[in-house]
Amino acid sequence: RKLKSNIFSRQEPNLFPLSSEIKFYSIADVQEMTKWSEATVQKLFNDPKFPAANYGRTKLVEAHALINFFAERHDKERETYWT
């Protein structure tokens, strides 16, 4: 009986498996997920620190980048863009 290899057993440091599916979210998607107003989400996507990308006229954010952005603490008082 042959065992399947486990990607978690690799000896390489700092190697974390990611989903093989790349998913992007639009402004409408983020608005629906957060229940924030369209104006707030528009401002978020226009923030230079937010990992959004332009795809033609559509602004998108990759799912892992969105998770990483929200994993960090952001302080409205310290970030001049939001004042």
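The following questions and answers concern the sheet and helix α3 of a predicted model. Residues are numbered from 1 along each chain as its sequence is written, and side-chain values use heavy atoms, with hydrogens and water left out. Local features need pLDDT of at least 70 and side-chain atom pairs 80 or more, whereas totals for chains, interfaces and linings use all residues.

Visitor: Which strands stand at the edges of the open sheet?

Guide: Strands are DSSP runs of E, at least two residues in length, and helices are runs of H or I, at least four, both numbered from the N terminus; two strands pair if DSSP finds at least two bridges between them. The sheet has 3 strands in antiparallel pairing, in the order β1-β3-β2. Each edge strand has a single partner, so one side of it is left without a neighbour in the sheet, and these strands are β1 (24-26) and β2 (52-55).

Visitor: Which residues of α3 are buried, and what arc do they fall within?

Guide: With buried meaning under 20% relative accessible area and exposed over 50%, partly exposed lying in between (1.4 Å probe, protein chains only), the buried residues are Ala 63, Leu 66 and Phe 69. On the other side of the helix, Ile 67 and Ala 71 are exposed. Taking directions from the helix axis to the C-beta atoms, the buried residues line one face of α3, because they fall within an arc of 125°.

Visitor: Which residue caps the N-terminal end of α3?

Guide: The cap places a side-chain oxygen 2.9 Å from the backbone nitrogen of His 64. The capping residue is also the bridge partner in β3 of Phe 24, namely Glu 62.

Key. Polar contact = N/O pair within 3.5 Å; in protein donor to acceptor, adjacent residues only side chain to side chain.
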